[in-house]
Amino acid sequence: MLIEKILEILQAQAETTAELADVFFSGYGESYRKLRRGIHRGQKPFRTDWAELYRERQKFYSMLHYLKERDFIEAKKKKRGSCWGITKLGKEKLESLQGGKH
């Protein structure tokens with residue numbers, strides 16, 4: 001997917017920029033060690049994978065769309081955005097999935 005590839009490229013550039021800034025703003029001895037460590041071991045991994053976050057968010061919104069299209073959930077407009085709630089049909093579906101347990 002194009003968006004994921006763009007996010008991967010941007011993240012790689014951000015990681016490189018962060019590594020370079022870390023080297024430049026360190027003291028002389030420490031910056032030399034960090035530079036050598038980066039050359040031999042590669043960059044430290046970022047804590048966040050932007051492309052993976054995008055994929056997870058897309059899955060979530062796809063599921064919301066799926067549930068809304070089948071009238072299992074509905075969005076109620078609020079002053080600041082929307083509030084999602086389960087519909088009567090959604091409650092019935094949930095009960096059937098749970099085997100009629102309440």
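# Briefing on a predicted protein model

Of the 102 residues in the protein, 14% are buried. The structure described here is a predicted model. Its secondary structure consists of 4 helices and 2 strands, which follow one another along the sequence in the pattern α-α-α-β-β-α.

**Surface and contacts of the whole protein**

- The protein has an accessible surface of about 9,000 Å². Carbon and sulfur atoms contribute 57% of that surface.
- Among the contacts with a separation of 6 or more, 39% join residues that are 24 or more positions apart in the sequence.

**Helix 1**

- Helix 1 covers residues 2-24. With 23 residues at 1.5 Å a residue, helix 1 should span 33 Å, and this agrees with the 33 Å that separates its end C-alpha atoms.
- The expected figure is 33 Å because the rise of 1.5 Å is multiplied by one less than the number of residues.
- Four residues of helix 1, namely E4, Q11, E15 and V23, are buried.
- L10 also belongs to helix 1. L10 has a relative accessibility of 41%, so it counts as partly exposed; this class lies between buried, under 20%, and exposed, over 50%.

**A nonpolar surface patch**

- L10 joins L2 and I6 in a nonpolar patch on the surface of the protein.
- Together, the residues L2, I6 and L10 offer about 290 Å² of accessible area.

**The aromatic pair**

- The protein contains 1 aromatic pair. The pair is formed by F60 and Y61, whose ring centres are 5.4 Å apart.
- The ring planes of F60 and Y61 meet at 65°, and the pair is edge-to-face. The arrangement receives this name because the angle is over 60 degrees.
- F60 has a relative accessibility of 49% and therefore counts as partly exposed.
- Y61 has a relative accessible area of 46%, so Y61 is likewise partly exposed.

**The loop at D71**

- D71 is located in the loop that links helix 3, residues 50-69, to strand 1, residues 73-78.
- The phi angle of D71 is near 60°. This is a positive value in a residue other than glycine.

How values were computed. Residues are numbered from 1 along each chain as its sequence is written. This is a predicted model: local features need pLDDT of at least 70, side-chain atom pairs count only at pLDDT 80 or more; totals for chains, interfaces and linings use all residues. Side-chain values use heavy atoms; hydrogens and water are left out. Buried means under 20% relative accessible area, exposed over 50%, partly exposed in between (1.4 Å probe, protein chains only). Contact means heavy atoms within 4.5 Å. Accessible areas come from the Shrake-Rupley method with a 1.4 Å probe; for residues, only the protein chains shown count as cover. Patches are made of residues with over 30% relative accessible area and no salt bridge: like charges are joined within 9 Å, nonpolar side chains (Val, Leu, Ile, Met, Phe, Trp, Tyr) within 5 Å. A salt bridge is a side-chain nitrogen of Lys or Arg within 4 Å of a carboxyl oxygen of Asp or Glu. Rings of Phe, Tyr and Trp (its six-membered ring) pair if their centres lie within 6.5 Å; planes under 30 degrees apart count as stacked, over 60 as edge-to-face and the rest as tilted.
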